[in-house]
Amino acid sequence: MKELPFSGVDDSFEASVDLEQDAEETTNCDDGLSDFVNQLEYGTSNRDFRLAHLNVCGLRNKIEELRCLQQLCKFEILAITETHLDKKVPDSEILIPGMKFVRLDRKGRKGGGCLLYYGEHLHATHCKDLLTQNIEAEWLQVKFPSSSVLFSVIYRPPDASEFFDLVSATLEKAWLKSSNIVLLGYFNCDFKTESEQSANARKLRSIFETFNMQNVVNANTRETPTTSTLLDLIVTTRTDLMGKCGVFPLGISDHNMVYATIKLKNKRPPPKYIKTRDYRKLDIKKFQADVESAPFHFASVFEEPDDILWAWQTLFKGICDEHVAQKEVKIRSKSAPWITNEIRYKINKRYKIFKAAVSTKCPELWSKYKKARNAVTSALRRAKASYFTNMFEESTILIMSVSRVFRPHQRSQMYARAVLMVHGIRFASITKDKANTDIFEPLPREELVTKFKSKLRDREFTPGSTQGGFPEFLAEPRDSFPLGVRVHNRYQASLAELTSKCMEFIEENHPQCPAILFRGLPARTADDFSTIAGKISGEPFSYEVGGSTYRQQVDKSAKTYTSSDEPPESTMDPHNEMSYLNTWPKKIFFYCIKEADDNCGGETPLVKNSELLSKLDPEVVAKCDEKGVRYVRYLPDKAHDEYMNWQHMFGTEDKQEAERVAKDKGYHVSWNETQDLCLWQNRPASIQHPLARNKIWFNQIAAMHSSYYHALPTFIGKGIPDEKCPSHTYYGDGSPIEPEVVQHIRVTTWSCAVGFQWRTGDLLALDNLTVQHGRIGYSGERKVLTYLTG
């Protein structure tokens, strides 16, 4: 079998899966990165200084591949252009192990930007005095035993008219610092032979000649279906020091990587060591005896969680050091653990397609290359998200299980409390009659799993389920989503007291666990839910204005509602509540009075927006983000209402009052001759989470699309046009959203959805910005109430 591109270079990079899996398919794929490593290493010394440049057209989506590339190639200098970063992207997101970097983000508009990675072992200085306004460039001076070299990454936008004068002035200042200068960058003008050069290329060549600089890249660096151009350059004043130079089509973007070696002897980075323990001589019984006799109660003198943890760790570490000695071990660099053989194969496949597209200029191959490139990006996002989610789930199960095992001992409670805090989950307890007793423990996963899987594909009254790609069944809970928590009430605390403790748990843990299900509350009735609602923090958010479906208000003073009064047999698409408005609830609480019978449906599917965004086609996301979403509502007069009238929605018979409230909600308003009301407003497809500051997919493109209503029993067979449906969605410019886009969003959403088993008295708390919810159609009886907070 042919070697995979990431194998054979470092044994520590081997995946945990069987390398023989899909062997026949993998064998037929070119070894892209192995080819590049071989090309780079052939005829060069390990001590030669390696540098490279790549225009990535967006760094965040490519950083994982660059980390793998650096692990294999070990560049001392790696220049990146068109990073498309801004101040919202922290440095921690774009780190490469073993390297430091300087970055310059474009200000005032999107795109552009450059970044210069350099080995952390280099004696390097950031030359801020060479930074010039209106030039996207970074400068770094690296000292060698015999000389120093100035390295620069430069990006020239196509509309930068004053670039040539400014770069000439900057090079004059650079020349005074060092006569050995190396420029790497994307100059946006074709630098082929002189007869073919544009005016901008001639200007650039003239500037280089003035400073005795020469480009060492000769092959084309950007390939499209119709053009081949030399746009990415490595320019130096010392061509005599340049060793191997070349171009390689990685396929990470439509630009090829340019690389070179310099004949400057450079010290390789020193090996890394870590401290570890040797457990081979551990006497477990003696260790356990010392742990049991240790004065962990000493930690109770502290009040702050950090101090409690410090006290416990100090004692425990001392015992560990006594029984298990520490030693230093040299380690090799490791690859990202989420990069599997499947992802390696996708990367190889992309490289093969890109190589073929470049050589043949076939439009069909270019289209396949774009799809393969997007597939790699999506696969990396999913794999990374799944890896960290699994790590979090394992930590959560471990620490909550530890707290349950040691419950009888107060000092062990403090230990569990401290460990839970370290891992981001707070330990909650309730005090009564001087007894400090845990009230929460993890709910076993099997108690959340339904006895019978709910069918999705070809399910009646389920929008899009008869079209291709729909998942066959609703998935089971996974990765502590939702997080199931059992509530204990050994000392007969009131429902209000227990609810207050639940709210504390929610407030402290929702950032890590955006869906939390409490089971075991002493609640069974609608009045009990009113009691619960009275203890929920935050302003109540009303359904009376703005809701898109019928629902009944159960308690006007407590503002509790039925979750939905849609026909029970209909399935509701997962959605973020009221994301089509300019204001929306932050949290949603669902309370089960009566669960549906087994194998009768009625589950509440939950979807993480972060997972959904990682699985959606990036081109679909980009188009929706660029154009936005237009939501159109059609509300007939109650005289000829078939679904929802404007009088019911706005709670008034007064047209002027209804119009005033609609405009307050951000709607544009119009009436027709039969007094029917039409509303529309534009909203973004994605927003930034106000606390986490990450981008979230937040819209109802599919849930409010007319195709949803055409699948409901109320509308089937009536031939109602899209514009007369209760709601419909368009792109923000008013153009129709392609049916295949709506179906892609719907299928991807359902593929991310998980369902759980409701039980009477369950309380589900959702972060509305992070989690979507829906409903599986059901038969028989089922009653779930809801309460919203702003």
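Tutor: Two strands pair if DSSP finds at least two bridges between them, and a strand is a DSSP run (E, at least two residues; helices are H or I, at least four), numbered from the N terminus. This model is predicted, so local features need pLDDT of at least 70 and side-chain atom pairs 80 or more, while totals for chains, interfaces and linings use all residues. Residues count from 1 along each chain, and side-chain values use heavy atoms, without hydrogens or water.

Student: Okay, which residue in β12 stands opposite L184?

Tutor: Start with the strands: β8 covers residues 181–186 and β12 covers 232–236. They run antiparallel, joined by 5 bridges. Opposite L184 you'll find I234.

Student: Which strands stand at the edges of that sheet?

Tutor: The sheet is open, with mixed pairing, and its 6 strands go β5-β6-β7-β8-β12-β9. An edge strand here has a single partner, so one of its sides is left without a neighbour in the sheet. That fits β5 (124–126) and β9 (214–215).

Student: How far apart in sequence are the parts that E65 and R350 tie together?

Tutor: These two form a salt bridge (a side-chain nitrogen of Lys or Arg within 4 Å of a carboxyl oxygen of Asp or Glu), and their closest N and O atoms are 2.5 Å apart. E65 sits in helix α3, whereas R350 belongs to helix α8 (residues 341–360). So the pair ties together parts separated by 285 residues.

Student: Is R350 buried or exposed?

Tutor: Buried means under 20% relative accessible area, exposed over 50%, and partly exposed in between (1.4 Å probe, protein chains only). E65, with 6%, is buried. R350 has just 2%, so it counts as buried.

Student: And R60 with E93: how many residues apart are they?

Tutor: Their salt bridge has its closest N and O atoms 3.0 Å apart. R60 is partly exposed at 45%, and E93 is partly exposed at 34%. R60 lies in the loop between β1 (49–55) and α3 (63–73), E93 in the loop between β2 (77–81) and β3 (99–104), and the gap is 33 residues.

Student: What is the relative accessible area of D254, the partner of R222?

Tutor: R222 and D254 form a salt bridge too, at 3.1 Å between the closest N and O atoms. R222 is in strand β10 (residues 222–223), while D254 is in the loop between β13 (242–248) and β14 (257–262). R222 is partly exposed at 26%, but D254 is buried, with 16%.

Student: How many salt bridges does the whole structure have?

Tutor: Some share partners, joining D91, R103 and D105 into one network. A search of the whole structure gives a total of 33.
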